[in-house]
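Trainee: Could you take me through one part of this protein up close? I'd like to look at a sheet and whatever packs on it.

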Amino acid sequence: MNVRTALVLLALALATIFALVCVLLTRGRAPAACPHRSPAQEDPDGGQSLVFADLTPAELAQVVRYLQGHLGLRLVDAAHAKPSDNCIASVELQVPAKAEVLRFLDGAGARPPREALAVLYFGDQPDPNITEYVVGPLPTPAYHRDVTVRRYRGKVPYHRRPVTGKEYVVINALIRRELQKAPRFLAACCESDGTDLTTLTTAPRGFKSGDRATWFVLFHGVAGSGYYLSPVGLEVLVDHGDLDVSLWQLRRVFYNGQYFANMGDLEEEFMANLLEVVRIQKPRAESVLGSMRPRHQPGSPGPLHYEPQGPRYSVMGNRVTFQGWSITFGMSPSSGPRFFDIRYRGERIVYELSLQEALALYGSNCPGGMSTRYLDGSFGIGRFAYELVRGLDCPYAATYVDRHYLVESDTPKTNQNSLCIFEHDAALPLRRHFSDSQSLYYGGLRKTMLVIRAISTLINYDYIWDFMFHSNGAVEVRVHATGYISTSFLHGQGTDYGSRVGPHTLGTMHLHHMHYKVDLDVDGQLNTLETQDMGYKLMKEPWSMQNTIERLYLRRKRLEREDEAAFPLNAPMPRYVSFASPNSNKWGHPRSYRIQINSFAGEHLPTSSPMERAISWGRWVHGRTPGSTVPGWCQAAGMGYQLAVTRRKEEEPSSTSVYNQNDPWTPTVAFADFINNETITNEDLVAWISVGFLHVPHAEDIPNTVTVGNGVGFFLRPYNYFDEDPSVDSPDSVYFSSEQDPGTCGANPLACPSPACAPHLPPFRYGGFLNLSLAPPPGAL
């Protein structure tokens, strides 16, 4: 061995020893903690966004105290009130008039007075009714005014009120008493004495205005699992319209395709061997259909949402800012998430973006399923937006915000951590190009966005409400449906209405429709609706005139009136629909924002239905016959149109009403009445957007419907609003050419990722079950 070889071996040995020492010294050492910057910072807008802030628990309590002391009536706590009592049903923010708010935000106007909207049920009066008061100014109320007649052009009949938790308690006690009249039947059919059965409410509650009779579907109840998948074949119709609860009664019984006057008659039929009984074993917890308990031990952990230097957004009270965006957020107890004064690069794009309603309409050969048309706003889309599970419902390190409400109680309630805010990397380029001709380079930008999310659990279904703000100035709104399907007992020709998903379980077909209000202010309040679409023109090719060519051309149109701008579901709609400003961009085109809808909604109800007016925002046939009285349900919810654009009016704040659910035949608010052919040229306009889908359940909906393929929504996209794509100013942009070394930080920031560090993760805590105990879901025994 020569000297050179010996020196080489010695050097290799020393290097190996050094590497081993380094490994031993660092083994088991946790990576350094990532730098953390709190998302909360000083609010640069001087608290202006607080004009839209939801009421605080202290303000809610103050309104209750004021009403108790100034109405001159005995008010019973709604949590314990009977229908024959007076009570405070709900209190929430009274959103100020837009003109007042804009004078305050944009000019030298005074801050609008902070006011509350209080809904009271007056059952202890000669003429029972629902009355709405505006109470203010907060935080020290000094006045109240009755706004019911102004808002609804008359008093609201008492039968339209939503069913309260106390009423459900009375109804469930009645059902239990009635079940005791058929002990032998229950033992034979269901291995039950009636005390272990659970009910599910349906809605609406009858077939004509004034009715208040509800079908309740009975299921086997198993703790820790979704009872919705275990119907026993028994359904009961309860009449609960009288103010005296002692007069409520069971009106009809359904079992396995047959109808009976009461449970006693059913028992007699059974004892006489005249009844076909399907014997169902009582489910066991370890094998119940629909259990969500894990079947395997946890595996290796999945990817973790990671912010190397803390969040790049800031949350200040009810306002969040992110890369040029400024968004004011809130939550209505009834209609759910809502946003105001949405600005990009300092310019207001949207004055209001709010969820209005969610409809679920079912089909079945059982009475409960065939008559169900849930309008979820009447139950409380925002009220039942419970605490989010950190690391699953939202990224672990997201910012979580509490929401407060006062419904059916004199005491404010809090759904803690029920709204989350986070930056999301879609693992997809927002834009990119690899150039392989003329010159060699690569340019691109990651698709990241700010997401604001809430999830509402409305009996069996869970709706994930997402509002996303992109770095190119686009707003994306999306909803996913998950949770349990609603089911009927499988009998007869049940599969004409869905799919068999269990031994005796029919997954019933249904429609989901969601309705949104979008008050766009594109480069100012005054906008015009413009459409563009494609056409072909057959012509001689101009260079020789010997051949023909189908030349593609652009059809542009300005819509002048509301009737032109109402597009029924499943009717043709121009591919490009835009809110246009009278001002132009650098290239001479009107500064505009385009509405792009991604939906495959089903036909919600024909206009001949007596309920159609209640959900007319979902109408799927063209127009109305002048002078006709369209019966119905659809107008009450406003669901008849995939898109309708109307002039903004302060007296048309919402497309629906919580009172529409229990009287869809004479809807309190009929959206179709908003469309009265007024001019929409250079006016303050509102877009009303419906999205949805038909769901025919299948085996893979057990135990839960998955979000994959069950999401719909829409975009608000800049269209000639800018002179170029504003994302070119993003500091996240990447560009390098063939003449550069892409492995160096100076040429390519992707070459220098943040050093490995441990993200700041707070301890996992969950209080959602406490929240649930404070606000029980409707309809359960």
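Trainee: Before we zoom in, what pLDDT does the chain average, and what share of the residues score at least 70?

Mentor: Keep in mind that this is a predicted model. The chain averages a pLDDT of 90, and 88% of the residues score at least 70. There are weak spots, though: residues 620–633 stay under 50, even though the model gives them 52 contacts beyond four places in sequence. Residues 773–777 are also below 50, with eight contacts in the model beyond near neighbours in sequence. Where pLDDT is low, don't read the predicted coordinates in detail.

Now to the sheet. Picture five strands in an open arrangement, running β6-β7-β8-β9-β10 with antiparallel pairing. At the edges you'll find β6 (197–201) and β10 (258–260); each has a single partner strand, so one side of each is left without a neighbour in the sheet. On average, neighbouring strands are turned by 25 degrees against each other, ignoring direction.

Follow the β10 edge for a moment. Its pairing with β9 (residues 249–255) is antiparallel and covers three bridges. Here V253 sits opposite F260 of β10.

Then come the helices. Helix α5 (residues 165–179) packs on the sheet and touches β6, β7 (213–220), β8 (231–239) and β9. The direction of α5 makes about 120 degrees with that of β8. Helix α6 (residues 183–190) packs on the sheet too, touching β6, β7, β8 and β9. For α6, the angle to the direction of β8 is about 145 degrees.

Notes
Residues numbered from 1 in each chain as written. Predicted model: local features only at pLDDT ≥ 70, side-chain atom pairs only at ≥ 80, totals over all residues. Heavy atoms only, no water. pLDDT = per-residue confidence, 0-100. Contact = heavy atoms within 4.5 Å. Pairing = 2+ DSSP bridges. Helix = DSSP H or I, 4+ residues; strand = E, 2+ residues; numbered from the N terminus. Axes fitted to C-alpha atoms, helices over the stretch in contact; angles between N-to-C directions.
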